[in-house]
Amino acid sequence: PLGHIDLGDWSGIILGGDKSGTHIGVAPGAKWIAARIWNDAGDAALSSDVHGIFQWFMDPDGDPLTDDAPDVVNCSWGFTLYDSFPWCLEELRDDIRAWRKAGIIAVFSAGNSGPRFFSGESPGNYPETIAVGATTMFDRVASFSSRGPGNCDRKIFPDLAAPGLAVVSSAPGGSYQAISGTSQAAPHVTGIIALMLDARPDLRVDEVLSTLKQTAKRTSLLRPNYSSGWGRADALSAVNAVLP
């Protein structure tokens with residue numbers, strides 16, 4: 001199953017169907033759960049709530065004997081402080097490490113503070129997450145997509161890139177909308193991971209990440225780089241690479 005912190009149009013990008021006449025989701029039919037950490041205005045959250053939801057995803061039904069934790073969690077959110085570069089909020093790092101030990105893959109949006117370097121958001125800039133930048137329809141890195149190096153480790157950031165400019169998805173009330181941002185890029189990678197795990201459920205976290213990197217499409221002569229990491233994620237190539 002998929003985990004998804006905060007809803008919006010991102011769930012449609014991950015697993016939406018074709019009612020509009022066009023498939024809007026990468027992995028339609030995937031099982032999913034969700035949790036919301038933000039207030040009704042969508043601009044504030046208590047750190048205690050964030051920690052609590054990270055813990056909840058480890059065992060959603062409270063029964064350690066059932067296998068109900070998600071395989072991958074899409075996190076189209078992050079924290080930044082615009083007058084403090086490089087920015088690294090360490091508070092949530094132990095939560096992410098606990099997920100990784102439990103086999104839960106954390107996919108985060110890189111942030112929308114580009115084209116400045118060292119502009120990644122936390123927790124996306126933790127080395128334990130998969131950070132996703134945004135590309136245009138021409139596989140060029142979007143100007144707003146946050147750049148590396150990684151604020152927390154000075155290494156490659158983001159890990160990958162995915163479509164994030166005018167991405168069409170479902171909207172509240174049964175309509176559709178086109179939105180831009182790395183929040184729209186991250187769920188593409190989350191959906192690809194769902195497809196990979198459907199093809200081969202025994203994949204480990206490190207195997208998923210290495211396959212995504214190896215099969216990504218170049219967006220620059222230099223790979224990896226501080227704008228798109230190893231390149232634009234390629235769903236078909238990634239799934240073919242893990243097929244038995």
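Me: At roughly what angle do the axes of helix H4 (residues 182-199) and helix H6 (residues 235-242) cross?
Reply: This is a predicted model, in which local features need pLDDT of at least 70 and side-chain atom pairs count only at pLDDT 80 or more, while totals for chains, interfaces and linings use all residues. Residues are numbered from 1 along each chain as its sequence is written, and side-chain values use heavy atoms, leaving out hydrogens and water. Helices (H or I, at least four residues) and strands (E, at least two) are DSSP runs numbered from the N terminus, and axes are lines fitted to C-alpha atoms, for helices over the stretch in contact, with angles from 0 to 180 degrees between N-to-C directions. The axes of H4 and H6 come within 9 Å and cross at roughly 25 degrees.

Me: Is H4 roughly parallel or roughly antiparallel to H6?
Reply: Angles under 35 degrees count as roughly parallel, over 145 as roughly antiparallel, 65 to 115 as roughly perpendicular and the rest as oblique. The angle here is roughly 25 degrees, which makes H4 and H6 roughly parallel.

Me: How many nonpolar residues does the contact of H4 with H6 have?
Reply: In this contact (heavy atoms within 4.5 Å), Ile192, Leu195, Met196 and Ala199 of H4 meet Ala235, Ala238, Val239 and Val242 of H6. Ala, Val, Leu, Ile, Met, Phe, Trp, Tyr, Cys and Pro count as nonpolar, Asp, Glu, Lys and Arg as charged, and the others, Gly among them, as polar. There are no polar and no charged residues in the contact, and the number of nonpolar ones is eight.

Me: How many residues of H4 are buried?
Reply: Buried means under 20% relative accessible area, exposed over 50%, and partly exposed in between, with a 1.4 Å probe and protein chains only. H4 is largely enclosed by the rest of the structure, because its buried residues, out of 18, number 15.

Me: How many residues of helix H5 (residues 205-215) are buried?
Reply: Val205, Glu207, Val208, Leu209, Thr211, Leu212, Lys213 and Thr215 are buried in H5. They pack against several elements, including H4 and H6. H5 is mostly covered: of its 11 residues, the buried ones number eight.

Me: Which residue of H2 or H3 in their contact is charged?
Reply: The axes of H2 (residues 47-58) and H3 come within 10 Å and cross at roughly 5 degrees. His51, Phe54, Phe57 and Met58 of H2 meet Asp95, Ile96, Ala98 and Trp99 of H3. These divide into six nonpolar, one polar and one charged, and the charged one is Asp95.

Me: How far apart in space are Arg100 and Glu128, C-alpha to C-alpha?
Reply: Arg100 lies in helix H3 and, at 30% relative accessibility, counts as partly exposed. Beyond four places in sequence, Arg100 is in contact with Pro127, Glu128, Val205 and Asp206. Arg100 and Glu128 are 28 residues apart in sequence, and their separation in space is 7.4 Å.

Me: Near what value is phi of Ala166?
Reply: Ala166 is in the loop between strand E6 (160-163) and strand E7 (167-171). Most residues other than glycine have a negative phi. Phi of Ala166 is positive, near 50 degrees.

Me: Which residue does a cis peptide bond join to Gly114?
Reply: Most peptide bonds are trans. The bond that follows Gly114 is cis, with omega about 5 degrees. The residue joined to Gly114 lies in the loop between E4 and E5 and is Pro115.
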